[in-house]
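The exercises below ask you to read a protein model step by step. Try each task with the structure in view before you turn to the worked solution.

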Amino acid sequence: TFCMFDSYAATNKKFYLVLGDSIAYGSGLKNSEEACYGRIVADTNGYDYANHSVPGHTSANLINRLKEEEVIADLEKADIINISIGGNDFLKSDIKQIMREALVNGNYSKLDKIVNTFYNNLCTIIDIINSHNPDATILVQTLYNPQSSDLLRDAYQMGVDRLNNAIKKYDSKNPGEIVIVDVGKALGADMANYAADTIHPSAKGNEKIAQTVLNKLYDLKLGSSTKPVITTKGKDKK
């Protein structure tokens with residue numbers, strides 16, 4: 001009996017859960033379910049996998065999502081939880097007005113208010129996850145800047161930097177609670193990584209995110225390979 005149990009333990013698959021917004025959903029792709037980065041990571045490392053991401057979700061929406069029964073069931077059995085959230089906190093606000101006030105008048109109060117709310121929500125999100133599963137490894141992705149024009153890029157960067165600093169602040173105040181995956185740095189300013197909508201990652205961008213996550217999981221000794229397995233090639237939305 002011991003031998004049977006032992007061999008079962010050795011082949012027991014890790015469960016990989018993806019949570020968040022349209023980035024994690026794969027909204028830049030026509031075939032998001034088969035070709036998003038979460039699927040690539042799961043296929044590469046042979047994980048069991050679920051993706052409960054919802055396009056348009058903010059950090060406040062994710063808090064509510066974590067209270068749904070099907071999500072809680074997967075939270076409880078997850079070994080690795082991968083979160084992409086925060087972009088919509090910025091995008092769904094009165095973004096043009098906020099950018100104008102910040103760039104023209106040097107008034108960052110509305111922007112800072114969004115970021116403070118995001119930080120508090122992130123604290124709540126991690127608390128909820130830990131209440132269901134204190135042993136899971138929680139990966140939190142940094143945000144990227146998908147804009148190519150200089151003016152838009154500069155304006156976007158203000159929001160992106162502040163949101164990423166909030167994630168880093170959480171990490172420094174709560175050491176060991178999360179693992180930051182620097183997707184923002186990985187995607188960088190290469191426009192080939194972004195879809196035609198200049199918001200979401202392209203097929204190439206999804207592969208790049210998968211690569212970044214795989215490298216991190218390999219470093220954490222939770223993944224078997226850093227070479228992405230692309231079962232289904234991503235098709236870009238035009």
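**Exercise 1.** In which helix is Asp171 found? State also whether Asp171 is buried, exposed or partly exposed, and name what Asp171 touches.

*Solution.* Keep in mind from the start that this is a predicted model. The first step is to place the residue: Asp171 is found in helix α10. The second step is to look at its accessibility, and here the relative accessible area of Asp171 is 26%. Since buried means under 20% and exposed means over 50%, with partly exposed in between, Asp171 counts as partly exposed. The third step is to list its contacts, and if residues up to four places away in sequence are not counted, Asp171 touches Ile178 and Ile180. A last step compares sequence with space: Asp171 and Val140 are 31 residues apart along the chain, and their C-alpha atoms are separated by 9.8 Å.

**Exercise 2.** Which residues of helix α8 are buried, and which are exposed on the other side? Explain how the buried residues are arranged around the axis.

*Solution.* Begin with the helix itself, which spans residues 95–105, and pick out its buried members, namely Ile95, Ile98, Met99, Glu101 and Ala102. These residues cover an arc of only 160° around the axis, and therefore they lie on the same side of α8. Next, turn to the other side of α8, where Lys96, Val104 and Asn105 are exposed. Then ask what covers the buried residues of α8, and you will find that the cover includes α7 (87–91), α9 (109–132) and α10 (150–173). Finally, follow the chain past the end of the helix, where α8 is followed by Gly106, a residue with a positive phi near 65°.

**Exercise 3.** At what angle do α8 and α9 pack, and which residues make the contact?

*Solution.* Two packed helices are described by the angle between their axes together with the distance between the axes. For α8 and α9 the angle is about 120°, and the axes are 8 Å apart. The two helices are therefore oblique to each other. The contact is made by Gln97, Ile98 and Glu101 on the side of α8, and by Lys110, Leu111 and Ile114 on the side of α9. Sorting these residues by class gives 3 nonpolar, 1 polar and 2 charged residues.

**Exercise 4.** Where is Gln141 placed, and which side chain does a polar contact join to the side chain of Gln141?

*Solution.* First locate Gln141, whose place is in strand β4 (residues 137–141). Its relative accessible area is 2%, so Gln141 is buried. Now look for a polar partner: the side chains of Gln141 and Tyr37 are joined by a polar contact of 2.6 Å. To complete the surroundings, leave out residues up to four places away in sequence, and the residues that Gln141 touches include Ile23, Tyr37, Asn82, Val181 and Ile209. Tyr37 then leads to helix α4 (residues 37–45), in which 7 of the 9 residues are buried. Tyr37 is one of these buried residues, and among the others are Gly38, Ile40 and Val41. Just after α4 comes Gly46, which takes a positive phi of about 65°.

**Exercise 5.** What is phi of Thr198 and of Lys221, and where do these two residues lie?

*Solution.* Take Thr198 first: its phi is positive, about 50°, although Thr198 is not a glycine. Thr198 is found in the loop between α11 (183–187) and α12, and at 31% relative accessibility it counts as partly exposed. For Lys221, phi is near 60°, again a positive value in a residue other than glycine. Lys221 lies in the segment after α12 and is exposed, with a relative accessible area of 73%.

**Exercise 6.** Is Leu222 buried or exposed, and what does Leu222 touch?

*Solution.* Leu222 lies in the segment after α12. With a relative accessible area of 19%, Leu222 falls under the 20% limit and is therefore buried. Not counting residues up to four places away in sequence, Leu222 touches Lys14, Tyr47, Ile80, Thr137 and Leu217. To end with a distance, Leu222 and Asn164 are 58 residues apart in sequence and 24 Å apart in space, C-alpha to C-alpha.

Conventions: Residues numbered from 1 in each chain as written. Predicted model: local features only at pLDDT ≥ 70, side-chain atom pairs only at ≥ 80, totals over all residues. Heavy atoms only, no water. Buried < 20%, exposed > 50% of the residue type's maximum accessible area, 1.4 Å probe, protein only. Helix = DSSP H or I, 4+ residues; strand = E, 2+ residues; numbered from the N terminus. Arc of directions from axis to C-beta. Contact = heavy atoms within 4.5 Å. Axes fitted to C-alpha atoms, helices over the stretch in contact; angles between N-to-C directions. Parallel < 35°, antiparallel > 145°, perpendicular 65-115°, else oblique. Nonpolar A, V, L, I, M, F, W, Y, C, P; charged D, E, K, R; others polar. Polar contact = N/O pair within 3.5 Å; in protein donor to acceptor, adjacent residues only side chain to side chain.
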